[in-house]
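Biologist: I should like a close look at a single helix, and then a connected account of the parts that you would discuss after it. Please state plainly how each classification is reached.

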Amino acid sequence: DRWFPSELQDTLPCSFVICRTQVSPAALLLGCSHFSAFRSDVVRLVRRSRPDILPRDKKIAFGQLIDIDSEPDILELLIEREFLDVMHGSFESIAVYFKNRLNLEWPVSSGLQEVNAIRNCIIHNMARADKRLVAAAPVWTGGQEIALTPSAFPGVGLTVRRFGQALRAT
């Protein structure tokens with residue numbers, strides 16, 4: 001008894017082209033996930049080190065306060081609420097937040113916006129270009145299948161690393 005039915009053996013990916021087609025989007029999604037985690041860490045770090053710049057108009061429900069034991073826990077709740085509000089926004093709104101609220105310049109790169117739009121299409125639109133991707137990069141057309149190669153976005157990783165280095169310098 002084989003681990004895979006012999007009549008389906010021919011359906012397994014067995015070529016470099018097929019493997020590349022599967023690995024390239026996975027690599028892009030992984031890179032986007034790492035960048036998202038990096039952004040999240042930056043927001044939390046800045047807010048914890050500078051609670052004085054948290055919005056003053058945030059409200060906490062009384063039921064939430066009852067469960068909190070200390071002032072630092074209240075602060076942590078406020079940070080998490082702001083974090084969730086911001087990070088679930090659009091790529092553009094996150095960039096505006098970094099600039100206006102954290103006083104941190106976002107990398108000026110249409111490549112990042114395009115990669116984010118491709119990520120969203122892969123996850124939410126069955127790897128087909130939508131109007132947001134077309135707006136971010138007019139080389140795409142609506143409904144176009146997104147087929148990536150390893151060399152599709154060579155500069156994006158470098159842009160993200162430079163962004164991290166620039167943040168460390170501020």
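Modeller: In helix α3, the residues classed as buried are Leu-77, Leu-78, Ile-79, Glu-82, Phe-83, Val-86 and Met-87. These assignments are read from a predicted model. A residue is called buried when its relative accessible area is under 20%. The length of α3 can be checked against its residue count: the helix covers residues 71-87, 17 residues in total, and at 1.5 Å a residue these should span 24 Å. The C-alpha atoms at the two ends of α3 are 24 Å apart, so the expected span and the computed one agree.

From α3 I turn to helix α1, which runs over residues 16-49. Ser-24 is one of the residues of α1. Its relative accessibility is 9%, and Ser-24 is therefore counted as buried. Once residues up to four places away in sequence are set aside, Ser-24 touches Leu-148, Thr-149 and Pro-150.

Val-42 also belongs to helix α1. With a relative accessible area of 12%, Val-42 is buried, because the limit for that class is 20%. Apart from neighbours within four places in sequence, the contacts of Val-42 are with Phe-98, Leu-104 and Leu-167. Between Val-42 and Pro-25 there are 26 Å from C-alpha to C-alpha, for a separation of 17 residues in sequence.

Helix α1 also holds an aromatic pair. A search of the whole structure returns one such pair, and its members are Phe-35 and Phe-38, with ring centres 6.5 Å apart and planes at 25° to each other. The pair is classed as stacked, because that class requires planes under 30 degrees apart. Both residues lie in α1, three residues apart, which is about one turn of the helix. The two partners fall into separate accessibility classes: Phe-35, at 8% relative accessibility, counts as buried, while Phe-38, at 28%, is partly exposed.

The largest pocket brings α1 together with other helices. Its space amounts to about 940 Å³. The lining comprises 39 residues, and those closest to the centre of the pocket are Cys-32, Leu-112, Val-115, Asn-116 and Arg-119. Two or more lining residues come from each of α1, α4 (91-100), α5 (110-124), α6 (131-136) and α7 (154-169). Helix α1 contributes the most, with twelve residues. By chemical character, the lining consists of 19 nonpolar, 15 polar and five charged residues.

Two loops deserve attention for their backbone angles. Most residues other than glycine have a negative phi. Asn-103 is not a glycine, yet its phi is positive, at about 60°. This residue is located in the loop between α4 and α5. The relative accessibility of Asn-103 is 66%, and the residue is therefore counted as exposed. Ala-127 likewise is a residue other than glycine with a positive phi, near 60°. Ala-127 sits in the loop between α5 and α6.

Another loop, between α1 and α2 (62-66), contains Ile-53. At 23% relative accessibility, Ile-53 counts as partly exposed. Leaving out residues up to four places away in sequence, Ile-53 touches Val-46, Arg-47 and Arg-101. Of these partners, Arg-101 is 48 residues away along the chain, and its C-alpha atom is 7.8 Å from that of Ile-53.

Finally, the segment before α1 contains Phe-4. Phe-4 has a relative accessible area of 19% and is buried, because the class takes in values under 20%. Its contacts, neighbours within four places in sequence being left aside, are Gln-9, Thr-11 and Leu-12. Met-126 is 122 residues from Phe-4 along the chain, and the C-alpha atoms of these two residues are separated by 27 Å.

Conventions: Residues are numbered from 1 along each chain as its sequence is written. This is a predicted model: local features need pLDDT of at least 70, side-chain atom pairs count only at pLDDT 80 or more; totals for chains, interfaces and linings use all residues. Side-chain values use heavy atoms; hydrogens and water are left out. On a 1 Å grid over the protein atoms alone, a cavity is a set of points where a 1.4 Å probe fits but cannot get out, and a pocket is an open set with protein on both sides within 12 Å along at least five of seven lines; lining residues have an atom within 4 Å of a point. Grid points are joined across faces, edges and corners, and a volume is the space filled by probe spheres set on the points. Helices (H or I, at least four residues) and strands (E, at least two) are DSSP runs, numbered from the N terminus. Ala, Val, Leu, Ile, Met, Phe, Trp, Tyr, Cys and Pro count as nonpolar, Asp, Glu, Lys and Arg as charged, and the others, Gly among them, as polar. Buried means under 20% relative accessible area, exposed over 50%, partly exposed in between (1.4 Å probe, protein chains only). Contact means heavy atoms within 4.5 Å. The expected span of a helix is 1.5 Å times one less than its number of residues. Rings of Phe, Tyr and Trp (its six-membered ring) pair if their centres lie within 6.5 Å; planes under 30 degrees apart count as stacked, over 60 as edge-to-face and the rest as tilted.
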